[in-house]
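Q: Please take a close look at the aromatic pairs in this structure, and set them in the context of the chain around them.

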Amino acid sequence: MKRVKQLLFAALAVLAALMVFSFAACGSTPESSSAPASDDTGETKYVEGTVTDAAMDTVTIQTKDGRQISFATEGADMSGIADLAVGTDVEVFYTGIINGNDASTVKVVRLRETSAPAPTTIHGTILESDGSTLVLQPDGGGAALTFLVADADGSEANGLVVGDDVTVTYTGTISGTDTSGVTVTKLSQSTADAHSQQTATSAPAIPAHATPPTNEEQTIYGTITYSDGATLTIVTPDQLTYSFHVAGADANEANGLGEGDGVHVYYVGTLSGQDASNVRVTRLVQNPSDTGSNMQHKNGTNVLSGTITYADGATLVIDTPSGQELSFLIAGADSTGCNGIAEGAHINVYYTGMINGDDTSNVTVTKLTQ
């Protein structure tokens, strides 16, 4: 009988020890970086890592030992995540077994953010913008960067257009020119480039273009064929038609422009053929001869501005703002408004008649001014 009692006490001691061990193993334990056990005890474990990709019901992390592991997160508790963005450090709590990089058999219980990614800013000039994508030329030079901005906070952007300065706030890491690993959170326009709210709502979005614009102010001259306060259409003396968005442009020197008036359109950006959608008009200046009257252009006299490439007193050759080279016979023209006609000088050619392409044989030059 005594022997039976001794065996019974021994068995109870072993059972108690097993229960203590079992209770101690019930909490969450970190996943070892070494190969996991071959069986699943059903306990909740966790693995730490940095988010490298996040999609609907899926998240991929890079662990501290360099593994890329993708988890299905459907049904998981995400309350501990403020923003599951690339670059966020997280803990993934799960049951089941991770085999190397394979987490297809595990069930994710919850995710917890361990540190919010610090925002980074970059400043530069807009080269292209279509509302969902923005191409930025960073200050200080270097290669242009392309950002996805459809979900960014644009409350401080005030209607950004090509040529504006902008600050891009983002999380994640830019690798060379690769911005696929970043999330843009905010766009902020510089104070100097901020337009009025009227401009932002009146002017349509600037579409993407192939040629980076220049930030230097340029000018083109033409006769107005349409104007409604937001859009201005002109025909140049060489019969090219351009439509400009002019809401917000400085019109202090315009003096009530109307159809038939001659106007100098000052802009930044790049004209692509007859496409002016990629430029920003800075100011409008009425041709001096039109001030106070629209009669001159309406009665058939035109003005063509250009840069002199050749002059001999009888013949004048100029390059127009559109890149066309035109030759004029100027003998008998009034040149009292010129202070020396020399190569490289800017000149205004007043004429009657019609220019056909590069053919100026049907026009008569009446006056030259500078």
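A: What follows starts with the whole chain, goes on to the aromatic pairs, and ends with a sheet elsewhere in the chain.

The model is a predicted one. The protein chain has 370 residues, and 37% of them are buried. Its secondary structure consists of 25 strands and 3 helices. Take the contacts between residues at least 6 apart in sequence: 57% of these join residues at least 24 apart. The accessible surface of the chain is about 19200 Å², and carbon and sulfur atoms account for 52% of that area.

Now to the rings. A pair of aromatic rings is described by two things, the distance of the centres and the angle of the planes. Searching the whole structure gives 6 aromatic pairs. One of them is formed by Tyr46 and Phe93, with ring centres 5.3 Å apart and planes at 40°. An angle under 30 degrees would count as stacked and one over 60 as edge-to-face, so this pair is classed as tilted. Tyr46 belongs to strand β2, while Phe93 belongs to strand β6, which covers residues 89-95. The two residues are 47 apart in sequence, so their pairing ties together separate parts of the chain. Phe93 has a relative accessibility of 6% and therefore counts as buried, since the cut-off for buried is under 20%.

A further tilted pair is made by Phe71 and Tyr94, whose centres are 6.3 Å apart and whose planes meet at 40°. Here, too, distant parts of the chain are linked: Phe71 is in strand β4 (residues 68-72) and Tyr94 is in strand β6, 23 residues apart. Phe71 is buried, at a relative accessible area of 1%. Tyr94 also counts as buried, with 1% relative accessibility.

Strand β2 spans residues 45-55, and Ala54 is found in it. Ala54 is partly exposed, because its relative accessible area is 33%, and the range for that class lies between 20% and 50%. Apart from neighbours within four places in sequence, Ala54 is in contact with Val59 and Leu84. Between the C-alpha atoms of Ala54 and Val86 the distance is 6.9 Å, although these residues are 32 apart in sequence.

Other rings can be found further along the chain. Tyr242, Phe244 and Tyr267 are joined into a cluster by ring pairs. Some rings have a charged side chain over them. Arg283 lies over the face of Tyr266, 3.8 Å from the ring centre. The charged end of Lys367 is placed over the ring of Tyr350, at 4.5 Å from its centre.

The last part is a sheet. It is open and made of 6 strands, in the order β10-β9-β8-β12-β13-β11, with mixed pairing. Strands β10 (145-148) and β11 (153-156) are at the edges; each has a single partner strand, so one side of each lacks a neighbour in the sheet. On average, neighbouring strands of this sheet are turned by 40° against each other, direction ignored. Within the sheet, β12 (residues 165-172) and β13 (residues 182-189) run antiparallel and are joined by 7 bridges. Val166 stands opposite Gln189 in β13.

Terms used: Residues numbered from 1 in each chain as written. Predicted model: local features only at pLDDT ≥ 70, side-chain atom pairs only at ≥ 80, totals over all residues. Heavy atoms only, no water. Helix = DSSP H or I, 4+ residues; strand = E, 2+ residues; numbered from the N terminus. Buried < 20%, exposed > 50% of the residue type's maximum accessible area, 1.4 Å probe, protein only. Contact = heavy atoms within 4.5 Å. Pairing = 2+ DSSP bridges. Axes fitted to C-alpha atoms, helices over the stretch in contact; angles between N-to-C directions. Areas by Shrake-Rupley, 256 points an atom, 1.4 Å probe, with all protein chains shown as cover. Phe/Tyr/Trp six-rings, centres within 6.5 Å; stacked < 30°, edge-to-face > 60°. Lys NZ or Arg CZ within 6 Å of the ring centre and 35° of its normal.
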